[in-house]
Amino acid sequence: MKFGFSSSPADSLACDLFALPVFDDQLLAGDVFTHLDRALAGLLGRLIDEEQFKGKKSQTLAVHTHGKIGPQRIVLLGAGPRASFDIAEVRHLAGRGARAAKNAGARRFAFGFGGIPTDERSVQLATEGTILGRYRFDRYLAEDAKKPDPLESITFSTDGAACQESWMTAVQRAEIVANATARARDLVNEPAGLLTPRRLAEEAETLAKQFSLEAKILGPTECRALGMGMFLAVAQGSDEEPRFIHLTYRPKGNPPKRICLIGKGVTFDSGGLSLKPSAGMEDMKVDMSGAATVLNAITALAQLGCPYEVHAIAACTENMPSGKSYKLGDVLRSMSGKTVEINNTDAEGRLTLGDAITYAVKLEPDELFDFATLTGACMVALGPNIAGVMANDQPLADRWLAACRQAGEEAWQLPLPERLKEQLKSEIAEMKNTGDRYGGAMTAGLFLKEFVGKTPWVHVDLAGPAHTDKEFGAIPKGGTGFGVAAIVEYLAPRASSS
Ligand code: BES
Ligand code: MN
Ligand code: ZN
């Protein structure tokens, strides 16, 4: 895709579709808007009245210009009140605009920043939005049902303001982030019948080759030798073999830090013998979203020349009911040596993650992260779009949350109250795998914490934001690739500081 910048007046831009965010309290006052309206002899103003376009976030207004000015079409994107506007929303505005361009079959798309400050950050977010807003998982659609996307060029218009050279660097960074996010979406969207643990491991090996990473894939025999009793117990009910994936990125020179990123890799979660009802199982191919996120984030980090040594780790398995399934009441011995009594086989994620954490801790990382579609309770607490963050190190949690904010990925911290550990007490083992219904996101976090030891650690429960059934801005329905942008924001510092 060809990206460019233009400081010419918006009405002279030669393009098929020009998208322009408009604040609700600035409807007729915005400079670009005024220029366009004047060039169209007041047509825009009249249409806005007729269509009752008020610049609300939910509103979009498309206008044909019939060759009167440079842009063939103008699409006004309601941006809501300016006072409460967050720059991170630029990704979604650009996503809406780019999707409109795709639907219109545009070859040349232009996006105006309107009254939004144009700098490296907004350019990066806008670029990500133009790529991610057009994303579709159309692999299995009939050829004639696939929406063609003839887009050739994307121009960011400043309508008069000077463009900076550093903006092109922001575009390149954004392309890397967005493409990695799109690849993560592809993995999440791929049906579980096809994306088995073995296939996921093959995908990881392909990524490793493509991006010059080290790849280590362990099968069940090797996992047994390492004592991964919890991971293997989850896997034993399935006819599909588990795979333990470990990719490594080593930068040139002496890295100042070693980082481990663990992703939950349950390729299908039926619940096991604690079988989920059909409706609860319907979307459970997304239960490997954490793995998709870390396996693709590490490729972006390699492309951006991240200064840290980074490990992406995923214990991949199905969770299935069968005559071989692990049972309620079973006592498992984890890789750490801790014994765990099973009171719900649907709390499988924490078992696979617990052993992955023990494996990661042996690498002696400076910081350890895990990303997991771990609990429905986290969605009850924070709704369907916000990730839950839990940590054993507050300064680390603060740095991580700041990166999420900067990247425009919503996350909110939950506590890890020691008192709730009581829920995990077992009479016959060191702990149980499941607590009560209330506080379920936190008892899951507390369970994981038992395997972390002193390593600074952040747990990200992305059960909500990993997928969506409502299109929103740069996020179409399905897998979202949540976390890739925040990880890159956290681990790949920009060359120039802004
Ligand atoms: N994979 C699910 C969590 C989940 C739910 C992810 C909805 C995405 C959307 C997880 O393995 C699970 O089943 N958790 C149980 C835990 C319970 C048994 C303690 C849950 O949330 O119900
Ligand atoms: Mn489950
Ligand atoms: Zn699960």
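Let's start with Met281, which is buried at a relative accessible area of 19%; buried here means under 20% relative accessible area, exposed means over 50%, and partly exposed is in between, with a 1.4 Å probe and protein chains only. This is a predicted model, so local features need pLDDT of at least 70 and side-chain atom pairs count only at pLDDT 80 or more, while totals for chains, interfaces and linings use all residues. Residues are numbered from 1 along each chain as its sequence is written, chains are lettered from A and ligands numbered from 1 in the order in which they are written, and side-chain values use heavy atoms, with hydrogens and water left out.

Back to Met281, then. You'll find Met281 in helix α9, residues 278–281; helices (H or I, at least four residues) and strands (E, at least two) are DSSP runs numbered from the N terminus. Setting aside neighbours within four places in sequence, Met281 touches Phe268, Asp269, Ser270, Leu275 and Lys276, where contact means heavy atoms within 4.5 Å. From Met281 to Ser270 is 5.8 Å, C-alpha to C-alpha, with their positions 11 residues apart in sequence.

One of those contacts, Asp269, takes us to the metals. Which two ions does Asp269 bridge? They are the manganese ion (ligand 2) and the zinc ion (ligand 3), and they lie 3.2 Å apart.

Manganese, please. Its protein donors are Asp269 (OD), Asp346 (O), Asp346 (OD) and Glu348 (OE), at 2.0 to 2.2 Å; a donor is an N, O or S atom within 2.8 Å of the metal (3.2 Å for Na, K and Ca), and with water not among the atoms, sites may look incomplete. The six donor atoms around the manganese ion (ligand 2) subtend angles of 71 to 169°, which makes the arrangement irregular. For the geometry terms: six donors count as octahedral, and four as square planar, if opposite donors are over 155 degrees apart and all others between 65 and 115; four are tetrahedral if all angles lie between 85 and 135 degrees; anything else is irregular. Along the chain, the manganese donor residues are spaced D-x76-D-x1-E. This pair joins distant parts of the chain, with Asp269 in strand β10 (residues 265–269) and Asp346 in the loop between β13 (339–341) and α11 (349–361), 77 residues apart. Asp269 is buried at 3%, whereas Asp346 is partly exposed at 21%.

Now the zinc ion (ligand 3), which has Lys264 (NZ), Asp269 (OD), Asp287 (OD) and Glu348 (OE) as protein donors, 2.0 to 2.4 Å away. What arrangement do the six donor atoms around zinc make? With angles of 78 to 173°, the arrangement is octahedral. The zinc donors follow K-x4-D-x17-D-x60-E in sequence. Here Lys264, in the loop between β9 (258–263) and β10, is linked with Glu348, in the loop between β13 and α11, 84 residues away. Lys264 is buried at 2% relative accessibility, and Glu348 is buried at 1%.

Last stop, the aromatics. Searching the whole structure gives 16 aromatic pairs; rings of Phe, Tyr and Trp (its six-membered ring) pair if their centres lie within 6.5 Å, with planes under 30 degrees apart called stacked, over 60 edge-to-face and the rest tilted. Phe111 and Phe113 have ring centres 5.5 Å apart and planes at 85°, so they are edge-to-face. Both Phe111 and Phe113 are buried, and they belong to one aromatic cluster with Phe3, Phe5, Phe156 and Trp167. Thanks, everyone!
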